[in-house]
Amino acid sequence: MIQILDRNFVPYISASEIQQRVKEIAGKINEEFAGDPPVLLGVLNGAFMFFSDLVKHLTIPCEVAFIRISSYQGLQSSGKVIPKMEVTDDLKGKRVIVVEDIVDTGRSMEYLLQVLAGMGVPSVSIVTLLQKPDALEVEGISLDYVGFSIQNQFVLGYGLDYNGFGRNLPEIYVLK
Ligand code: IMP
Ligand code: MG
């Protein structure tokens, strides 16, 4: 068990399980995007660790870009997505793979898809390390690659935070 701020967390997904899954997902991207270089769009801050591990296993030509949005406060979604930083590159006409840490209510992804459509992005695929299927509140979002489907519980580590802390942990923990 570990303590982060005022809460206790227990181990949930080990570093080796994560790394194994990251490699599998990269393998699928290598197959699907061979001959059609994508831009990987990392969603900051949460996806930074997954993003960097994932791209290390890509053998196809690719570009990277980032956007920063925020919606979580403490242990739950605020229901509002706040833009914190615009997309770092012009993605018009490009094939984009959005790389997220977790899809929870789906509101962040819904917002992102609108931003990308507004930029003139013709093709968007979505990769997320985690998904909480029971927490989804929006319709019409199809996730192309999901690392782990998890229960509707608060998790932290491997990029995911509790009030800014815990992102540096190499494995994923769940609230006790
Ligand atoms: P959504 O908009 O509700 O789908 O949530 C999107 C964002 O909230 C994710 O990209 C995460 O950054 C954050 N988030 C959702 N669930 C958790 C969690 O269990 N722990 C930490 N952050 C989370
Ligand atoms: Mg995120």
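Contact, as the word is used in these exercises, means heavy atoms within 4.5 Å. The model is predicted, so local features need pLDDT of at least 70 and side-chain atom pairs count only at pLDDT 80 or more, while totals for chains, interfaces and linings use all residues. Residues are numbered from 1 along each chain as its sequence is written, ligands are numbered from 1 in the order in which they are written, and side-chain values use heavy atoms, with hydrogens and water left out.

**Exercise 1.** Describe the surroundings of valine 96.

*Solution.* Begin with the secondary structure: valine 96 lies in strand β6, strands being DSSP runs of E with at least two residues and helices runs of H or I with at least four, numbered from the N terminus. Next take the accessibility, where buried means under 20% relative accessible area, exposed over 50% and partly exposed in between, with a 1.4 Å probe and protein chains only; valine 96, at 0%, is buried. Finally list the contacts: leaving out residues up to four places away in sequence, valine 96 touches Val39, Leu41, Leu91, Leu116, Val121, Ser123, Val124 and Ser125.

**Exercise 2.** Determine how the buried residues of helix α3 are arranged, and against which strands they pack.

*Solution.* Helix α3 comprises residues 107-118 and reaches 17 Å from its first C-alpha to its last, close to the 16 Å expected at 1.5 Å a residue, a span taken as 1.5 Å times one less than the number of residues. Its buried residues are Ser108, Met109, Leu112 and Leu116. Seen down the axis of α3, these fall within an arc of 90°, so they line one face of the helix; the arc is that of the directions from the helix axis to the C-beta atoms. On the other side of α3, Gln114, Ala117 and Gly118 are exposed. The buried residues pack against β3 (39-44), β4 (63-73), β5 (76-85), β6 (95-103) and β7 (123-131).

**Exercise 3.** Identify polar partners of ligand 1, and state how much of its accessible area the protein covers.

*Solution.* Polar contacts are pairs of N or O atoms within 3.5 Å; within protein, one must be able to donate a hydrogen and the other to accept it, and residues adjacent in sequence count only if both atoms are side-chain atoms. A nitrogen atom of ligand 1 is 3.2 Å from an N or O atom in the side chain of tyrosine 72. An oxygen atom of ligand 1 is 2.5 Å from an N or O atom in the side chain of threonine 105. An oxygen atom of the ligand is also 2.8 Å from a polar backbone atom of glycine 106. The protein covers 93% of the 490 Å² of accessible area that ligand 1 has on its own, by the Shrake-Rupley method with a 1.4 Å probe.
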